[in-house]
Amino acid sequence: MNRVVITGQGTINALGLNVADTYAAFKDGRCGIGPLVLRDVERLSIRIGGQVKGYDPETTFNRQQIALYDRFTQFTLIAAREALLQSGLEFHDELAEQSGVILGTAGGGMQTSDENYRSVYEAGKNRVHPFVVPKLMNNAACSHVSMTYNLKGPSFTVATACASSNHAMGQAFYFVRSGMAKVMVTGGSESMLCFGGIKAWEGLRVMSKDACRPFSANRNGMVQGEGAAIFVFEDYEHARARGANILAEVVGFAMSSDAADIVMPSKQGAARAIFGALKDAKINPDEVGYINAHGTGTAANDKTECAAVADVFGHHANNLMMSSTKSMHGHVIGGTGAIELLACTMALNEGIIAPTVGYQEPDPECALDIVPNQSREARVDYVLSNAFAFGGQNAVLVLKKFA
Amino acid sequence: MTELTRKVISIIAEQAVLEVSDVKTTDTLEGLGIDSLGLVESIFAIEETFDISVPYNANNPAENDIDLTSVQAVINAVRALVEQQHR
């Protein structure tokens, strides 16, 4: 089995248009959630979200590209550019054929669907733009990354709701570890902050109208965000041979299914994924210093997740830190695990743990060290990133400090 | 130059990312760098602009009854369709 390392990372999200700005926001405990700016917002009962600000597609892409790229694809390509630039990789010949792309998204080109439903149903138009299908398809972002960077190996898109990008990154890890690929570009993207996207979530009645407060006793639901994060997973020997800068090592991954309920989380399902990831990484629970929680800010998730962590880690649950950065960038659904992995690479490389902001009242059912409101300096060698999706599909990654 | 010709050339020029003055009626769409997806996008713009329906199936362009190979052919086709459909 081959060792797998991360040699590039990139992002765009409500906290910043790149990794440096996102890290700065994590360190400052800055919240990127605010009033939603979108068409027909007055018809929504949920009016806050983690929108990407200060981004103008016109200055980043040309007219033909904008005609073909939904916002979730635009986010993906922006994050991919930063990640691939950092990795220093170029793909030609054999390496191109041994490298691919696996991305996560839940909604795909939802802005495109929303706009065109409006046009045919609301405006009564009988004709839509010819690129509607290539824009909205879930694999569009993945395809454009492969075309832009000449990645000719295995490429596909994973959709497991809120766990999509963790499942995607787990597959990318497997591909490189098994030797099926030398380099995999991976991560996820979501852009669901449009009228139809929010309206659908309103129906479930799990959204907060004021703030995302994970683990706080007065939490009242999740807040949606948007954005993307992309990583370059590379065979360690390949990275070493070319003298690449290594950001972290990916050492474990596990998946589980609750096989129980379409929306309610299961402690057992979550615990099996966490335990499986530790086993895959061949480490003891007490070696884990930080967990980036799924931490959605719903009553059900946060207490279930804390109970699962307590079950797996026993006494060590009181020593480790676990924060939810969704409190800052919002729940980016199919892209959230990728954005949250940035908090993991920051913890390993900079020794700073991103906080859970918006925390106000202790909850006895969430009695772990959730790093409330302020980031903290701490040296950690192993970190976990949890994702527990609607549908009961769980995916947990383990990263190790590269030394 | 008629209004119709001017509008068609402007649609084709925008698709080819050229100045209107650089598009001649004798040019072929292929020669202007408009590929199959670009042609479908141009047809959409033409349908929107002239409120007509262009009978074009992208599966096998050679089998379509309509000739859209050159700028002049597109102008002729649009003129015929406008006359036919706006009667």
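# A walk through chains A and B

Start at E202(A): with 13% relative accessibility, this residue counts as buried. Buried means under 20% relative accessible area, exposed means over 50%, and partly exposed lies in between (1.4 Å probe, protein chains only). Before moving on, note that this is a predicted model: local features need pLDDT of at least 70, side-chain atom pairs count only at pLDDT 80 or more, and totals for chains, interfaces and linings use all residues. Residues are numbered from 1 along each chain as its sequence is written, chains are lettered from A and ligands numbered from 1 in the order in which they are written, and side-chain values use heavy atoms, leaving out hydrogens and water.

**Stop 1: a pair in one helix**

Keep E202(A) selected and add K199(A). The two form a salt bridge, with their closest N and O atoms 2.9 Å apart. A salt bridge here is a side-chain nitrogen of Lys or Arg within 4 Å of a carboxyl oxygen of Asp or Glu. Both residues sit in helix 10 (residues 195-204) of chain A. They are three residues apart, about one turn of the helix. Helices (H or I, at least four residues) and strands (E, at least two) are DSSP runs, numbered from the N terminus. Is K199(A) buried or partly exposed? K199(A) counts as partly exposed, because its relative accessibility is 32%.

Now select R39(A), D40(A), R118(A) and E122(A). Salt bridges that share partners link these four residues into one network.

**Stop 2: the whole of chain A**

Zoom out and color chain A by secondary structure. You should find 15 helices and 14 strands. The C-alpha atoms fill a box of roughly 65 × 55 × 40 Å along the principal axes. How does the radius of gyration of chain A fit a compact globule of 403 residues, and what is its value? Such a globule would be near 22 Å, and chain A has 20 Å, which agrees. That radius is taken over C-alpha atoms, and the globule rule is 2.2 Å times the number of residues to the power 0.38.

Of the 403 residues in chain A, 61% are buried. Contact means heavy atoms within 4.5 Å. Take contacts in chain A between residues at least 6 apart in sequence: 78% of these join residues at least 24 apart.

**Stop 3: three buried residues**

Select Q51(A). It lies in the loop between strand 3 (48-49) and helix 2 (57-60) of chain A. Q51(A) counts as buried because its relative accessibility is 11%. Its side chain reaches the backbone nitrogen of V37(A) at 2.8 Å. Leaving aside residues up to four places away in sequence, Q51(A) touches several others, including A14(A), G32(A), L193(A) and E226(A).

Next, select Y382(A), in strand 13 (residues 382-388). Y382(A) is buried, at 12% relative accessible area. Show its neighbors, skipping residues up to four places away in sequence: among them are V251(A), I283(A), Y290(A), L348(A) and K400(A). Then draw a distance from Y382(A) to I48(A). The C-alpha atoms are 34 Å apart, and the residues are 334 apart in sequence.

Move to I352(A), in strand 11 (residues 352-353). I352(A) is buried too, at 16%. Its contacts beyond four places in sequence include K27(A), M346(A), S375(A) and A378(A). From I352(A) to D286(A), the C-alpha distance is 19 Å, with their positions 66 residues apart in sequence.

**Stop 4: where chain A meets chain B**

Show both chains. Here 10 residues of chain A are in contact with 11 residues of chain B. Together the chains bury about 980 Å², 52% of it on carbon and sulfur atoms. Buried area is the accessible area (1.4 Å probe) that two parts lose on being put together, summed over both.

How many salt bridges join chain A and chain B? There are four. On the chain A side of this interface, the residues divide into five nonpolar, two polar and three charged. Ala, Val, Leu, Ile, Met, Phe, Trp, Tyr, Cys and Pro count as nonpolar, Asp, Glu, Lys and Arg as charged, and the others, Gly among them, as polar.

Select E48(B) and R127(A): their side chains meet in a salt bridge at 3.1 Å, N to O. Then select E14(B) and R63(A), whose salt bridge is 3.5 Å, N to O. This pair runs from helix 1 (residues 3-16) of chain B to helix 3 (residues 63-68) of chain A. E14(B) is partly exposed at 46%, and R63(A) is partly exposed at 36%.

**Last stop: inside chain B**

Select D27(B) and K24(B). Their side chains form a salt bridge at 3.8 Å, N to O. D27(B) counts as buried, at 16% relative accessibility. Over all chains, the salt bridges come to 23.

Note on methods
Polar contact = N/O pair within 3.5 Å; in protein donor to acceptor, adjacent residues only side chain to side chain.
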